[in-house]
Amino acid sequence: MRKNYLSMIVTLLLLAGVACDRNEEPRLAFARMVPTLSPNDTVLHLGIESNTDWTLVSDESWCSPSLTVGYECMEVQVAIAANDGQDERSATLTLSSSDGGLVQTMQIVQQRLTPDSTTHYRLPVVFHVLYNKEGNKKQNVIEGHLATLIEGVNDVYARCGAYLGVEFVMAAEDPDGNLLAEPGVDRHRINLTSINSSAFMGYGREPKKYCEYMWDPNRYVNIFVYTFEDKGILGISHFPYVVKPHSLEGLTELEYDADWSELPWPQCVSINNEYIYSHEEYYTMTDVVNTLAHELGHFLGLRHAFSEDPETYDRDICLDSDFCTDTPTYNKVAYDKFMQGCMTSGGSVDDNEKQLLVMRENCETGEEFRSTNIMDYAYTEANRFTPQQAARIRYVLEHSPYIPGPKMRLPEQKPTTKAARTNTYKLVTFE
Ligand SMILES: [Zn+2]
């Protein structure tokens, strides 16, 4: 038996020698086909059979050979990034002899991930900074500041008391796959000194006007930073959608998963650059981070924790309007009156009054409670999500179109352009 093995090895070596002999006609080939990769594969072993010098290049950054030049027969490792996008993807590896006379290509296919309750979402973020004066640091935000804000939001979300499984990351690449010199930031000079934020979000006469700045919302969370015409608004966000047969109370249901280019307005968050930095004692860095955390909460499907009529936005009511029964509700108009009564004419309050103002009265039960919810504002600790809020965010991450990350959808539910005509998009925003 042993003799038989030896003869097999000798035969294999002879075959290999034939395949890689430099004296023969130039020969260059991939040694074997590569099966479809799974979403979490991290490395691919590629065999190259050759008797000449060669180069190996990939057309996608997620599929990156460790060697790009070599000679004769070699094994090459190819680093594969986990596929946390929404679709199966493919890359082409091109193997060429150094004189260019021989060229072989191989398509590498990687399956898409189907999420479950343990999936960790890393959502690429792009801040589109729309400025009028390049030298104005409020408009043309200082490099590094927006990344600091995102770190702050991740910290708030990680310590919010409920498991969300979501992390925002500054986008590394633009939609064409070019590495961004400043990750997660896209700057544009505009001719306007301020923009009406409602019109920007789609309420204006030209709703598609600002869509040109949006990057594919299935790959990026789009956050626009500009000077709001209405100086009193800190930020405003679109609410997500779900696609039939999936549904979630309070979210607009679309008939089809339509291609994002058909969207009637930029699906995004807008932040007023007036509040992009801290401002003396009135507005701290924590406040700046909390505003972004709050707007992203809306973007991921959360309504305000206080009472708010879903249609008219009337707040002088008592209604558990956020579809989460574990968030106590209160009358915002009554609270605002109380808050104004505590303020001096200069608009400030002392430390004792702050302790009073962080308390709310549950309008359904009359009980007092401390405001800790990220979806509340005014005097609040703004550092908590409840389990039901976390469950809503998870559902949106797993099902909503126009939000990055892997989705639970049937194989036949692929985005389609014709579907937009059937969809009824409803403009729902929250400040
Ligand atoms: Zn809000």
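This is a chat between a student and a tutor about a predicted protein model with a zinc ion.

Student: Okay, I'm new here. How many helices and strands does the protein have?
Tutor: There are 7 helices and 19 strands. Keep in mind that this is a predicted model.

Student: And what does the C-alpha trace span along its principal axes?
Tutor: About 95 × 50 × 45 Å.

Student: How much of the protein is buried?
Tutor: Of the 431 residues, 46% are buried. The accessible surface is about 21,500 Å², and carbon and sulfur atoms hold 51% of that.

Student: What about contacts, how many link residues 24 or more positions apart?
Tutor: If you take the contacts with a separation of 6 or more, 69% of them are between residues 24 or more positions apart.

Student: Switching to charges: how many are there of each sign?
Tutor: The protein has 36 positive and 62 negative charges. Their mean positions are 2 Å apart.

Student: Now the zinc ion. Which residues coordinate it?
Tutor: Three histidines and a glutamate: H294, H298 and H304 each use NE2, and E431 uses O. The distances run from 1.9 to 2.1 Å.

Student: Why is the arrangement called tetrahedral?
Tutor: Because the 4 donor atoms subtend angles of 95 to 131 degrees around the zinc ion. To count as tetrahedral, four donors need all angles between 85 and 135 degrees. The ideal angle for four tetrahedral donors is 109.5 degrees.

Student: How are the zinc donors spaced along the chain?
Tutor: The pattern is H-x3-H-x5-H-x126-E. H298 sits in helix α4 (residues 285-299), while E431 is in the segment after β19 (429-430), so this pair ties together parts that are 133 residues apart in sequence.

Student: Is H298 buried or exposed?
Tutor: H298 is buried, with a relative accessible area of 0%. E431, on the other hand, is partly exposed at 39%.

Student: New topic: which peptide bond is cis?
Tutor: The one from K244 to P245 is cis, with omega near 10 degrees. P245 belongs to the loop between β14 (241-243) and β15 (252-254).

Student: What's phi like for E72?
Tutor: Phi of E72 is near 50 degrees, so to speak on the positive side, and the residue isn't glycine. Most residues other than glycine have a negative phi.

Student: Where is E72, then?
Tutor: E72 is in the loop between β5 (69-71) and β6 (74-80). Its relative accessible area is 23%, which puts E72 in the partly exposed group.

Student: And what about A382 and its phi?
Tutor: A382 also has a positive value, near 45 degrees. You'll find A382 in the loop between β18 (368-370) and α7 (387-399), and A382 is buried with a relative accessible area of 8%.

Student: What does N218 touch?
Tutor: Leaving out residues up to four places away in sequence, N218 touches Q86, W260, P401, Y402, I403, P404 and G405. N218 is in the loop between α3 (197-203) and β12 (221-226), and counts as buried at 14% relative accessibility.

Student: Last one: where is V169?
Tutor: V169 is in strand β10 (residues 166-170), and is buried at 16% relative accessible area. Beyond its sequence neighbours up to four places away, V169 touches R122, L123, P124 and V125.

Notes
Residues numbered from 1 in each chain as written. Predicted model: local features only at pLDDT ≥ 70, side-chain atom pairs only at ≥ 80, totals over all residues. Heavy atoms only, no water. Helix = DSSP H or I, 4+ residues; strand = E, 2+ residues; numbered from the N terminus. Buried < 20%, exposed > 50% of the residue type's maximum accessible area, 1.4 Å probe, protein only. Contact = heavy atoms within 4.5 Å. Areas by Shrake-Rupley, 256 points an atom, 1.4 Å probe, with all protein chains shown as cover. Lys, Arg positive; Asp, Glu negative; His and termini not counted. Charge placed at Lys NZ, Arg CZ, Asp CG, Glu CD. Donors = N, O, S within 2.8 Å, 3.2 Å for Na, K, Ca; no water. Tetrahedral: all angles 85-135°; square planar, octahedral: opposite > 155°, others 65-115°.
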